[in-house]
Amino acid sequence: MDLHRDAIVADGHNDLLMLVARRPKEVWPAYFRERWIPQLRDGGIDVQVLPVFIDSEFQPEGALRETLRMIEAAHRIAAANSDQVALCTAPGDIGTATAAGKIALVLALEGCPQIDTDVELLQTLHRLGVRMVSFTHFGRSALGDGSGEDATGGRLTHAGVEAVGLLEELGVLIDVSHVGRAGVEHILELATKPVVASHSSAFALRDHHRNLTDEQLRGIAATGGVVCVNFFAGFLTTAEKPTVDHLADHILHILDVAGEDNVGLGSDFVAEVFAEKRDVSAGEAYRAQEVGAQITARFRVRHTALVADLSPRDRLTIAGRVYNITAVRETQRNRWIEVDAVARPDIAVIAASA
Ligand SMILES: [Zn+2]
C-alpha cells in the first residue's frame, strides 16, 4: 500500500470526457469536480489522458463540432478546477502539475473521424491542445483500417502516412491502439519517434483483435514507446469470472516481452458511458460484457522514472516508463494491484485483493 504514495500513476485512456460533454455546458466544471476528481484521487491517478472519442450518433456530419465541444469542455473543466488539475500541453507541464499535487490532464484523439483526409486539421487540433492521436476506432477511417477490419489487410492510406509525418513533426504521440494488424506494422515502419498503445493488452494471452502480438509489443518497445494495458475484461480473458490476476498476467507478459520501461496502464473505463447510454443502441452484447466485466483497480506501484518530458524530442511523453513492477512481482501481486469494490449494483465486482 505504501508503494502507491510515491508513485506517479498515469492512465492512458479514460473516456470521462464523453460524460462531461453529454451534459449542459453550465455544469461541466462542477460535474467534473464532484464526479471525477474524487475518483481520480481515490484511484491514485496523477496523469490522466482524456480521449476525444466521437460517438456514432455524431458521425459523420457532427464529428468535428462534437470534437470542438469536447476540447472546449476539457479546457473549461481544467480552468475552473485549476486548484486540482492542469491541462498539459508543453514540455514540463506534467512534471509541474504533479509536483504541485495536481492531476495532469492530456488531450488525445481516438479514431480521427472528424478530419477525414484533411490531415492539416491535426495541426489545428494540436493548437487546441491535443497531444496524442490514434488513427482508427474498430472500423475503417480515412487514415487506415481499425482492428475490427483486420480481414482487409489494410495498411495506412496516403492520408495516414501524411499524418504520421505531421504528428511526429508536431511532437504529438502516435497511438496504435485500435489500429488493425497491418496498420500497426505500417506505423512502426514509418515511425522515427516513440509510438504508444494507449489502451491495448496482450494477444498471446487473449486472442482478441484489439490486442497486440508479441512482435507488435517488441516493435513498440523498439521505438521507445509504451504499451498501456487495457483493463477491459473482454480483452483480458474469456473466463466467465475475470479477476484482477488476469490483468496482472497481461502486465507481466508485456513487461517480459516489451521490457519494464515499456509498460503502462490504460484503464479504458467506459462502464459509466454505457450505463448512461442505456437507451441508445450501442450493442447489447458489448454492453453486457462491459458492465459485467468492469474492473476498478488501484495501483500500488513504484515509479522509477519521470512520466513526462523524457527528452525534448518526445515533447510530451505520457503513461509509462514508470512502473517498477519487477521489484514487487516476486513478493505479492496483490500488493501492487488492489481491487476496490464497485458501489454500483449493475457492475459486477470482479475480484477482491488478498
Ligand atoms: Zn478505445
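Reader: How much of the protein chain is buried, and what makes a residue count as buried?
Author: Buried residues account for 49% of the 354 residues in the protein chain. A residue is called buried if 20 or more other C-beta atoms lie within 10 Å of its own, exposed if 12 or fewer do, and partly exposed in between, with C-beta atoms placed from the backbone. Please keep in mind that this is a predicted model, where local features need pLDDT of at least 70, side-chain atom pairs count only at pLDDT 80 or more, and totals for chains, interfaces and linings use all residues. Residues are numbered from 1 along each chain as its sequence is written.

Reader: What makes E72 partly exposed?
Author: E72 has 14 other C-beta atoms within 10 Å. That value lies between the limits for exposed (12 or fewer) and buried (20 or more), so E72 is called partly exposed. E72 sits in helix α4 (residues 63–80), and its C-alpha is 8.7 Å from that of L128, although 56 residues separate E72 and L128 in sequence.

Reader: Which class does E276 fall into, and why?
Author: E276 is partly exposed as well, because its 13 C-beta neighbours inside 10 Å are more than 12 and fewer than 20. E276 belongs to helix α12 (residues 271–276). Its C-alpha and that of L19 are 8.3 Å apart, with their positions 257 residues apart along the chain.

Reader: Which residues does E276 touch, and what makes that a contact?
Author: Leaving out residues up to four places away in sequence, E276 touches L19 and R22. Two residues are in contact if their C-beta atoms, placed from the backbone, lie within 7 Å. Across the protein chain, 71% of the contacts between residues at least 6 apart in sequence join residues at least 24 apart.

Reader: How many helices and strands are there, and what makes a run count as one?
Author: The protein chain has 15 helices and eleven strands. They are DSSP runs, numbered from the N terminus: H or I over at least four residues for a helix, E over at least two for a strand.

Reader: How do you know that the span of α7 agrees with its number of residues?
Author: The expected span is 1.5 Å times one less than the number of residues. For the 13 residues of α7 (residues 158–170) this gives 18 Å, and the end C-alpha atoms are 18 Å apart, so the two agree.

Reader: Which residues of α7 are buried, and how are they placed around the axis?
Author: G160, A163, V164 and L167 are buried in α7. Their arc, taken from the directions from the helix axis to the C-beta atoms, is within 105°, so these residues line one face of α7. An α-helix has 3.6 residues a turn, so residues three or four places apart point the same way. H158, G165 and E169 are exposed on the other side of α7. The cover over the buried residues of α7 includes α6 (121–127), β5 (130–134), β6 (173–175) and α8 (181–190).

Reader: Why is β2 described as largely enclosed?
Author: Seven of the seven residues of β2 (residues 47–53) are buried, so the strand is largely enclosed by the rest of the structure. V47, V49, P51 and F53 point one way, while Q48, L50 and V52 point the other way.

Reader: What makes β2 and β4 a pair?
Author: Two strands pair if DSSP finds at least two bridges between them. β2 and β4 (residues 103–110) have seven, in the parallel sense, so they meet that limit. Within this pairing, Q48 stands opposite L105. β1 (residues 10–11) also runs parallel to β2, with two bridges, and A10 has V47 as its bridge partner.

Reader: Which residues touch the most other members of the largest nonpolar core, and what makes it a core?
Author: A74, L105 and V227 do, in a core of 86 residues. A nonpolar core is a set of buried Ala, Val, Leu, Ile, Met, Phe, Trp, Tyr and Cys residues joined through C-beta atoms within 7 Å. Beyond four places in sequence, the contacts of L105 include Q48, L50 and A74.

Reader: Where does pLDDT stay under 50?
Author: One such stretch is residues 279–354, for which the model has 172 contacts beyond four places in sequence. pLDDT is the predictor's confidence in each residue, from 0 to 100. The protein chain averages 76, and 73% of the residues score at least 70.
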